[in-house]
Amino acid sequence: MIVSLVVGRTASASPVKWTFGRTAFQQNARILGNAPARHNARVVVHDCRDEGSLECLGTTPRGTEVCFNKLVLAASRIVIIGSVEPHYFAGYTGGRKSILPGVAGFDTIERNHAFAMDPASKPGALEGNPVHEDMVDAARLLADRRIFTIMTVLDAERRVCAAAAGDIE
């Protein structure tokens, strides 16, 4: 299990397990059951600045060199669990943001986020939004892997009020 954090924030597996043990792991228990424990899943915190943990796959049409965590690249299947809400320059959070910036390298994130200066990069906008479209192009570099998403919409008390699942596309 790979946990992605905000750029600049790091954590050891112990605090992450404590934090997520009380929140995300419990919220996702209905979905995951005891599968992580049954399979001796280890928790790895992605560090976007650890260049040794990254491998570059290619470049998006907008010129973003795309480097992802090697553990993700070693997987034949990827399951993303997250929530969807408006995002101030990527349009919305959700699936492709779990890939970029989620498990991407710092330089990849920085190049992608530079598109936030474009006026088309705004909340609720996907079509024509260069940040969103660059994220989608980056995620498509993983096309040889199956990427399944489970996305939720949370209410003001952070309770699940809607959910959807399926292929990332």
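Me: Two strands pair if DSSP finds at least two bridges between them. What makes strand E8 (146–154) and strand E9 (residues 160–167) a pair?

Reply: Seven bridges join E8 to E9, and the cut-off is at least two, so the two strands pair. They run antiparallel. One position to look at is Thr-149, which stands opposite Gly-166 in E9. Five residues lie between the strands of this hairpin, and Arg-158 in the turn has a positive phi of about 65°.

Me: What kind of model is this, and how confident was the predictor?

Reply: The model is predicted: local features need pLDDT (the predictor's confidence in each residue, from 0 to 100) of at least 70 and side-chain atom pairs count only at pLDDT 80 or more, while totals for chains, interfaces and linings use all residues. Residues are numbered from 1 along each chain as its sequence is written, and side-chain values use heavy atoms, with hydrogens and water left out. The chain has a mean pLDDT of 84, with 78% of its residues at 70 or more. Over residues 11–27 pLDDT stays under 50.

Me: Why is the sheet that holds E8 called mixed?

Reply: Its order is E5-E8-E9. E5 and E8 run parallel, joined by seven bridges, whereas E8 and E9 run antiparallel. Arg-77 stands opposite Arg-146 in E8. The sheet is open: E5 and E9 are its edges, each with a single partner strand, so one side of each has no neighbour in the sheet. From one strand to the next, the twist averages 10°.

Me: How many helices and strands does the chain have, and what makes a run of residues count as one?

Reply: There are eight helices and nine strands. Both are DSSP runs, numbered from the N terminus: helices are H or I with at least four residues, strands are E with at least two. Helix H7 covers residues 106–113, and strand E4 covers 65–69.

Me: What makes E4 largely enclosed by the rest of the structure?

Reply: Four of its five residues are buried (under 20% relative accessible area, with a 1.4 Å probe and protein chains only), so E4 is largely enclosed. Across the chain of 169 residues, 37% count as buried. E4 also pairs with strand E3 (residues 54–59), antiparallel, over five bridges. Leu-54 has Asn-69 in E4 as its bridge partner. The E3–E4 hairpin has five residues between its strands, and Gly-63 in the turn has a positive phi of about 95°.

Me: How do you know that the buried residues of H7 line one face?

Reply: Thr-108, Ile-109 and Asn-112 are the buried residues in H7. Down the helix axis, these buried residues fall within an arc of 95°, so they line one face. Their cover includes E4 and helix H8 (130–139).

Me: What makes a set of residues a nonpolar core, and which members touch the most others in the largest one?

Reply: Members are buried Ala, Val, Leu, Ile, Met, Phe, Trp, Tyr and Cys residues joined through side-chain atoms within 4.5 Å. The largest core has 22 residues, and those touching the most other members include Phe-68, Ile-99, Val-131 and Leu-142. H8 gives the most to this core, with four residues. Leu-142 has contacts (heavy atoms within 4.5 Å) with residues including Leu-57, Phe-68, Ile-78 and Ile-147, leaving out residues up to four places away in sequence.

Definitions and conventions:
Buried < 20%, exposed > 50% of the residue type's maximum accessible area, 1.4 Å probe, protein only. Arc of directions from axis to C-beta. Axes fitted to C-alpha atoms, helices over the stretch in contact; angles between N-to-C directions.
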